[in-house]
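Here is a walk through one protein model, written for someone who would rather be at the bench. Have the sequence and the 3D view open while you read.

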Amino acid sequence: MPLPFSSLRQWLPADSVPAGLATLALAVCIGLSLGAIRIRGVRLGVAGVLFAALVFGQLGLTVDAKVLQFLRDFALILFMYTIGLQVGPGFVSSLRAEGLRLNVLAVATLVLGAVMAWAVGKALPHATAPGLYAGAFTTTPGLAAAQEALRHARPATGSAAGEEAARQSGLAYTITYPFGVIGPVLVILALRKVFAVRVEDERKALAAAEEIRRPPIELVDFEVTEPAHAGIPLRDHPLLRDHGIVLSRMLRDNVMTVPTAQTLVQVGDIYRAVGPRDRLHAVVSAMGRKSAVNLGEVAGDIQRKELVVTHPRVLRRTLRELDLIRRTGVTIARVTRSGIDLVPTASLRLVFADRVVAVGPQAGLKLVEAELGNCLDTLNRPQLIPIFLGIVLGVVVGSIPIAIPGMNASLRIGLAGGPLLAAIALSQLGNIGSVVWYMPVAANQLFRDFGLAVFLACVGFQAGDHFVERAFQGSGLALLIAGIAVTLLPAFVVGCFCRLFLNMNFITLAGWVAGAMTSSPSLLVADEISKSDAPAVTYAAVAPLATLVPILCAQVLAIISVH
């Protein structure tokens, strides 16, 4: 027989911690179910939790305030730390070359949005500008940073005033957030319509430009036929040294070996070379011709093996320092890092989770395997000590006050920015001894989604009290209209500038819009339009800085709104 409701209430009193946790977990379950519903190719995903918690709050199903505050802060730390670990390895490289221009444009869009939010916020209720900005750009960390700043901006007025300001900001966020989800998608579609884009032409132009900028890594077997190159040690050969070409196999007198730096080139040698396509062509043309012999099919004690770098002892050491070819007779023919193929030059430093292709005798391969680790269990098992050390450092960094000229209040990047910056820095560092700051992709996704779901549920419960009355009376409609403007105008205006004056490829532009707005739904739309992963590459180049800048902008808006 089903248990009577009164018994359940007796076991779980309304104001108890177990009841609060059960209520929050139920809201998360319902929200995730709603977020999985796809409408015209767009779904809310984890953001559905926010709206489920709003309904719970409106119905009077609440969670104890202290429990809610702890869960909110802890979930935020977990969410931001895992984001930092995800984007950290590519953060520095994203600020170079083409990535620098893309990031400058993204920052311009985010700052323009903050200025608009500040301007319209003057005509709206107190402390709504930060939430308006955070919702329009769907920056959950920005909302958290703004609410934290609002709670501590005027300690003299008491905690009640700060909590009310944070609640107002959360209300503005929940009103403007839904359009913030679909707005970037509309910007991409509008740019395509305005500029009459032919996606197939854009795809061809992008492929041609990418091949020039980053030639693909290939391998070719070639025979030395030019006597001028005979007698030169491989380490001193200018064509090989200057072009970054790696020779992984050599056939001489029908004997297969792995060439070393001391190997003297002879006419009739057949080598397997690995490197960028255009450079390989130049080397083969100068030294001889392509070979009809496929070295991969020649019998001998030379084998190929794919290994994963998991041993702390080899991390951050160059291939020259490891000197594998001399000690084991094995050469590293290719290194793949985060899905990108790298030429294994002598100066290349290995990092955790690098996937390498090793070529050499079986005995040497076993030695190299033991030295590099190649332990999939280590690769797939999250290490808890680095996680908690990173959280400690993130909390400390987030608590450091930063003085702002002309203002009495100081700025703290708080629990939103501190763990993010700490994770980015630690992922760049890589490791300290056996402590490695790496998290498997699946574990990172789990921690990130868990933290975001719990945080959004807490925000929804905090803003859900009398949400309908607040949202649809007074300034609710004005907030919605202002949020639409802040979502659409900055990205569309800067997007038009990119197309008209920078002649940016539309596929790159679509990925840039998604990255600047850190919008996963719009990235899915960009991928669908382009039928390629090019938008994701641009998104990855922009997203790290586009995640950090709104945190600072939202905090500045919060401080300005109470002064």
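What follows goes from the overall build to a few helices, some odd backbone spots, and then the spaces inside.

**The overall build**

Keep in mind that this is a predicted model. The protein has 563 residues, and buried ones make up 51% of them. Its secondary structure adds up to 24 helices and 13 strands. Take the contacts between residues at least 6 apart in sequence: 80% of them join residues at least 24 apart.

On to the cysteines. How many disulfides does the structure hold? The count is zero. Two cysteines are worth a look anyway. Cysteine 458 has 0% relative accessibility, so it counts as buried. Cysteine 553 comes out at 13%, and that makes it buried too, because the cut-off is under 20%.

**Helix H15 and its two sides**

Helix H15 covers residues 362–372, and its buried residues are Gly364, Leu365, Val368, Glu371 and Leu372. Looking down the axis of H15, you'd find these buried residues within an arc of 125 degrees, so they line one face of the helix. As background, an α-helix has 3.6 residues a turn, so residues three or four places apart point the same way. Turn to the other side of H15 and you meet the exposed residues Ala363, Lys366, Leu367 and Ala370.

What do the buried residues of H15 pack against? Their partners are strand S6 (303–308), helix H13 (319–322), helix H14 (324–328) and strand S9 (355–360).

**Two more helices**

Helix H7 (residues 129–136) has eight of its eight residues buried, so it is largely enclosed by the rest of the structure. Those buried residues are Ala129, Pro130, Gly131, Leu132, Tyr133, Ala134, Gly135 and Ala136.

Helix H21 runs over residues 476–501 and has proline 490 in it. Is this proline buried or exposed? Proline 490 has a relative accessible area of 0%, so it is buried. Outside its neighbours within four places in sequence, proline 490 is in contact with Thr109, Leu112, Gly113, Met116, Phe137 and Ala485. You can also check the C-alpha atoms of proline 490 and alanine 114: they are separated by 9.5 Å, while the two residues are 376 apart along the chain.

**Backbone spots with positive phi**

If you like scanning backbone angles, here are four residues to click on.

| Residue | Place | Phi |
|---|---|---|
| Threonine 138 | just after H7 | positive, about 45 degrees |
| Aspartate 323 | loop between H13 and H14 | positive, near 50 degrees |
| Glycine 373 | follows H15 | positive, near 110 degrees |
| Asparagine 374 | loop between H15 and helix H16 (376–380) | positive, about 50 degrees |

Aspartate 323 takes its positive value as a residue other than glycine, and asparagine 374 isn't a glycine either. With a relative accessible area of 24%, aspartate 323 is partly exposed.

**The second largest pocket**

The second largest pocket holds about 870 Å³ of space. It is lined by 25 residues, and Ala261, Ile325, Pro344, Thr345 and Ala346 are the closest to its centre. Two or more lining residues come from each of helix H11 (238–243), strand S2 (246–252), H13, H14 and strand S7 (331–337). Which element gives the largest share of this lining? That's H14, with three residues. By class, the pocket lining has 14 nonpolar, six polar and five charged residues.

H13 and H14 should ring a bell here: both are also packing partners of the buried residues of H15.

**The cavity**

The count comes to one cavity of 30 Å³ or more. About 40 Å³ of space lies in the largest cavity. Which residues line it? They are Tyr81, Leu85, Gln383, Pro386, Ile387, Val436, Trp437, Tyr438 and Met439. Helix H4 (65–87) and helix H17 (384–399) each supply at least two residues of that lining. The lining of the largest cavity has eight nonpolar residues, one polar and no charged.

Definitions and conventions:
Residues numbered from 1 in each chain as written. Predicted model: local features only at pLDDT ≥ 70, side-chain atom pairs only at ≥ 80, totals over all residues. Heavy atoms only, no water. Disulfide = S-S within 2.5 Å. Buried < 20%, exposed > 50% of the residue type's maximum accessible area, 1.4 Å probe, protein only. Helix = DSSP H or I, 4+ residues; strand = E, 2+ residues; numbered from the N terminus. Arc of directions from axis to C-beta. Contact = heavy atoms within 4.5 Å. 1 Å grid on protein atoms, 1.4 Å probe; cavity = no way out; pocket = protein on both sides within 12 Å on 5 of 7 lines; lining within 4 Å. Points joined across faces, edges and corners; volume = space filled by probe spheres on them. Nonpolar A, V, L, I, M, F, W, Y, C, P; charged D, E, K, R; others polar.
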